[in-house]
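Hi,

Here is the structure I promised to pass on. Have a look at it first, and then read my notes below.

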Amino acid sequence: MIARVPGFGFELEYYEILIAVAGLALLIGAVVLSVQKGRPFSAALIYLAIGLAVGAALGAAGIGWFDPARNPVLLTRVAEIAVIVSLFGAGVKLDRPLRWDEWRSTVLLLVIAMPLTIAGVALLGAWALGLGLPAAVLLGASLAPTDPVLADDVQVQGPGDEEPEDEGRFAITSEAGLNDGLAFPFVMLAVFGAGRGFADAGAWLGEWLLADLVYAVLVGVAGGAAAGLLIAVVVYRIGNRGWLSKPFDGYVALASVFLVYGLVEVVEGYGFLAVFAAGVAFRRYEHDHAYNQRLHEFTLTIEKLAEMAVMLLLGTVLPLGILGEMALPLVVVVAGLLLVVRPVAALVALLGSRAEWRERLFIGWFGIRGIGSVYYLGFALTSVRGLEARPLFGAISLAIVASVILHGLTSGYLTRRLLGPGAT
């Protein structure tokens, strides 16, 4: 049987087989998520391996699939849903007052480490891959954000956790929550450069600064925070009056999050920033309320399902051809990002923080790359033509695979060594 999926750029044969594979991945994932704590593997690594196996089997059987470098809509939309849910969940996890001394490490990582990472990766892309300036900026902007979806093992554990928020976990969580939205202005810079030319930047740079860097960021943060408080007021009031059954209160908040994301995007603000700000504001409204834990558990379940979907899809369409053709240049870029650019940028940024050196090393190493990068690349490729899609997708795919393997295998051991024996 052949299922044709209009608008997504592919025809899928033996759809029922992939549904069965998804079911198998869910069963394996349930076991993995139950026993992985403190062990040298992650659920994402298992999902990726299953996706690779499925992709190899589909290729060997001659079953048609799709090329995300040419038709990125499906993978982009699935990644978008995963990031939206995860960002709101990351906001709900955080229980620190909104004061400079409490969020200093986060601000330093965003203001210093993130631009340094964008510049470093762009230079690597231009030198090793021969990318033009727009594509190099896009590569840097797509790979600069740390990932809120795949970084769960090294993040703050959320409501219900009795351990205090150490600086390392807090910085990783809050940075991932904010830089997925703050990367967007630089993605738009690449889109402007590809569409209008960096040579004529004087004609559009002011528009980019006002619309994409100032307006969209302010609307995203302010709109999300206001919406989060409003959602909290409504949910707590109707919940305290017994108008909402416990099995459904998570759905109300999650539905509100999608509403916030959609409305902020409609007025051209950054929805990713909005949903994270909404999560933080929601938690701060009644930060000790038991509902926060139920909401956290609900969003975590949805997040894990979305993580599985993205990693399975990515595994099945991993661009082995381009990885083989440009193996050395791609390895140079990815190794440079994970082993040099991110750690150095984070350590430089954190010189002005209160974090201890072991916490700085933890933050510098666990700059996990993941699902947000897929979304940004797909967004750019659907927004403008002429970008070097194949090497870009190859570099981002390899970065995600390398991050899943390296950070997944080292998370338990390095967390214990750098944050203490009780950290895991």
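The expected span of a helix is taken as 1.5 Å times one less than its number of residues. Keep in mind that this is a predicted model.

With that yardstick, I started with helix H6. It covers residues 167-182, 16 residues in total, and reaches 21 Å from its first C-alpha to its last, close to the 22 Å expected at 1.5 Å a residue. H6 is still not perfectly straight: there is a kink of about 25 degrees centred on Ala176. At the N-terminal end, Asp166 acts as the cap of H6, with a side-chain oxygen 3.2 Å from the backbone nitrogen of Gly168. And is H6 mostly covered or mostly open? Mostly covered, with 15 of its 16 residues buried.

Then the cavities. The count comes to two of 30 Å³ or more, and I went through the second largest, which has a volume of about 60 Å³. Here is what I noted about its lining:

- Pro68, Pro72, Leu75, Thr76, Val374, Leu377, Gly378, Leu381 and Phe393 line this cavity.
- Helices H3 (73-93) and H15 (371-383) each supply at least two of the lining residues.
- H15 gives the most, with four residues.
- By type, the lining divides into seven nonpolar residues, two polar and no charged.

If you open the model, Ala176 is the place to look for the kink in H6, and Leu377 and Gly378 are among the residues that will take you to the second largest cavity.

Cheers

Note on methods
Residues numbered from 1 in each chain as written. Predicted model: local features only at pLDDT ≥ 70, side-chain atom pairs only at ≥ 80, totals over all residues. Heavy atoms only, no water. 1 Å grid on protein atoms, 1.4 Å probe; cavity = no way out; pocket = protein on both sides within 12 Å on 5 of 7 lines; lining within 4 Å. Points joined across faces, edges and corners; volume = space filled by probe spheres on them. Nonpolar A, V, L, I, M, F, W, Y, C, P; charged D, E, K, R; others polar. Bend = angle between axes of the 7 residues up to and from the residue. Buried < 20%, exposed > 50% of the residue type's maximum accessible area, 1.4 Å probe, protein only. Polar contact = N/O pair within 3.5 Å; in protein donor to acceptor, adjacent residues only side chain to side chain.
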